[in-house]
Amino acid sequence: MVGGLFAMYAKAEHPRQGDFTRTADGYEVRLAEPLDAAYARRTIDAQLSGLDAMMARADGKIRRVTTVDEIEAARRDAVFSIVLHLEGAEAIDADLDGLARLYSRGLRSLGPVWSRPNIFGHGVPFAYPRSPDTGPGLTDAGKALVKACNE
């Protein structure tokens, strides 16, 4: 047994309708609206609590891992390993305190934006065929987030 990256994600609090458009050679979906940071934090915290509860019921057969050594140990022990990923960093404020909190709970992979803008960057729209290289990219706060992740 091995495991993998498991993504946490805060879906839209109020999903919009009619965002899908078929084009002559594909499709596109309008970018979602930004999320409220407090809502995103509550959603991610609930997902982490759910993971904690699942691991408590798993009788040691599921393990949250944060290092290569822990992944290798889980593999040797035939334990399913979970590396936490956050898709869209709305649950992290510009002061990056949320990053430290999530890191302490096991976060080891982060996608600063998803298909909606946030304080860290501009989302990538669902569109085919089209390059994902759209919009102005990371904001200054996004660059600071990436720098903090690399420390």
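Helices (H or I, at least four residues) and strands (E, at least two) are DSSP runs, numbered from the N terminus. This is a predicted model: local features need pLDDT of at least 70, side-chain atom pairs count only at pLDDT 80 or more, and totals for chains, interfaces and linings use all residues. Residues are numbered from 1 along each chain as its sequence is written, and side-chain values use heavy atoms, with hydrogens and water left out.

**Exercise 1. Place Ser115, classify its exposure and list its contacts.**

Solution.
- Step 1: location. Ser115 sits in the loop between strand E6 (107-111) and E7.
- Step 2: exposure. Buried means under 20% relative accessible area, exposed over 50%, partly exposed in between (1.4 Å probe, protein chains only). Ser115 has 8% relative accessibility, so it counts as buried.
- Step 3: contacts. Contact means heavy atoms within 4.5 Å. Leaving out residues up to four places away in sequence, Ser115 touches Leu31, Ala32, Gly123, Val124, Pro125 and Phe126.

**Exercise 2. Describe the open sheet that contains E7.**

Solution.
- Step 1: pairing rule. Two strands pair if DSSP finds at least two bridges between them.
- Step 2: order. Three strands form the open sheet, in the order E2-E3-E7, with antiparallel pairing.
- Step 3: edges. Strand E2 (20-22) and E7 are the edge strands, and each pairs on one side only.
- Step 4: angle. On average, neighbouring strands of this sheet are turned by 15 degrees against each other, direction ignored. Axes are lines fitted to C-alpha atoms, for helices over the stretch in contact, and angles run from 0 to 180 degrees between N-to-C directions.
- Step 5: one pair in detail. Three bridges join E2 to strand E3 (residues 27-29), and the two run antiparallel. Arg22 has Tyr27 in E3 as its bridge partner.

**Exercise 3. Which residues make the nonpolar surface patch, and what is its area?**

Solution.
- Step 1: selection rule. Patches are made of residues with over 30% relative accessible area and no salt bridge; like charges are joined within 9 Å, nonpolar side chains (Val, Leu, Ile, Met, Phe, Trp, Tyr) within 5 Å.
- Step 2: area method. Accessible areas come from the Shrake-Rupley method with a 1.4 Å probe; for residues, only the protein chains shown count as cover.
- Step 3: result. Phe20, Tyr27, Phe126 and Tyr128 make a patch of about 430 Å².
- Step 4: one member. Tyr128 belongs to strand E7 (residues 126-128). Its relative accessible area is 51%, so Tyr128 is exposed.

**Exercise 4. Is strand E5 largely enclosed or open, and which strands pair with E5?**

Solution.
- Step 1: burial. Strand E5 spans residues 80-87. Six of its eight residues are buried, so E5 is largely enclosed by the rest of the structure.
- Step 2: pairing with E1. Strand E1 (residues 3-8) pairs with E5 in the parallel sense over six bridges. Phe6 stands opposite Leu84 in E5.
- Step 3: pairing with E4. Strand E4 (residues 62-64) also pairs with E5 in the parallel sense, over three bridges. Here Arg64 stands opposite Ile82.

**Exercise 5. Analyse the salt bridges of Arg41, Asp52 and Arg116.**

Solution.
- Step 1: criterion. A salt bridge is a side-chain nitrogen of Lys or Arg within 4 Å of a carboxyl oxygen of Asp or Glu. The count by this rule is six.
- Step 2: Arg41. Arg41 bridges to Asp93, with the closest N and O atoms 2.9 Å apart. This pair links distant parts of the chain: Arg41 is in helix H1 (residues 37-57), Asp93 in the loop between E5 and helix H3 (97-104), 52 residues apart. Arg41 is partly exposed at 24% relative accessibility, and Asp93 is partly exposed at 31%.
- Step 3: Asp52. Asp52 bridges to Arg64, with a closest N to O distance of 2.4 Å. Asp52 lies in helix H1 and Arg64 in strand E4, so the pair ties together parts 12 residues apart in sequence. Asp52 is partly exposed at 34%, whereas Arg64 is buried at 18%.
- Step 4: network. Asp52, Arg64 and Arg105 are linked in a network of salt bridges.
- Step 5: Arg116. The side chains of Arg116 and Glu90 meet at 2.9 Å, N to O. Arg116 lies in the loop between E6 and E7 and Glu90 in the loop between E5 and H3, so the pair ties together parts 26 residues apart in sequence. Both Arg116 and Glu90 are buried.
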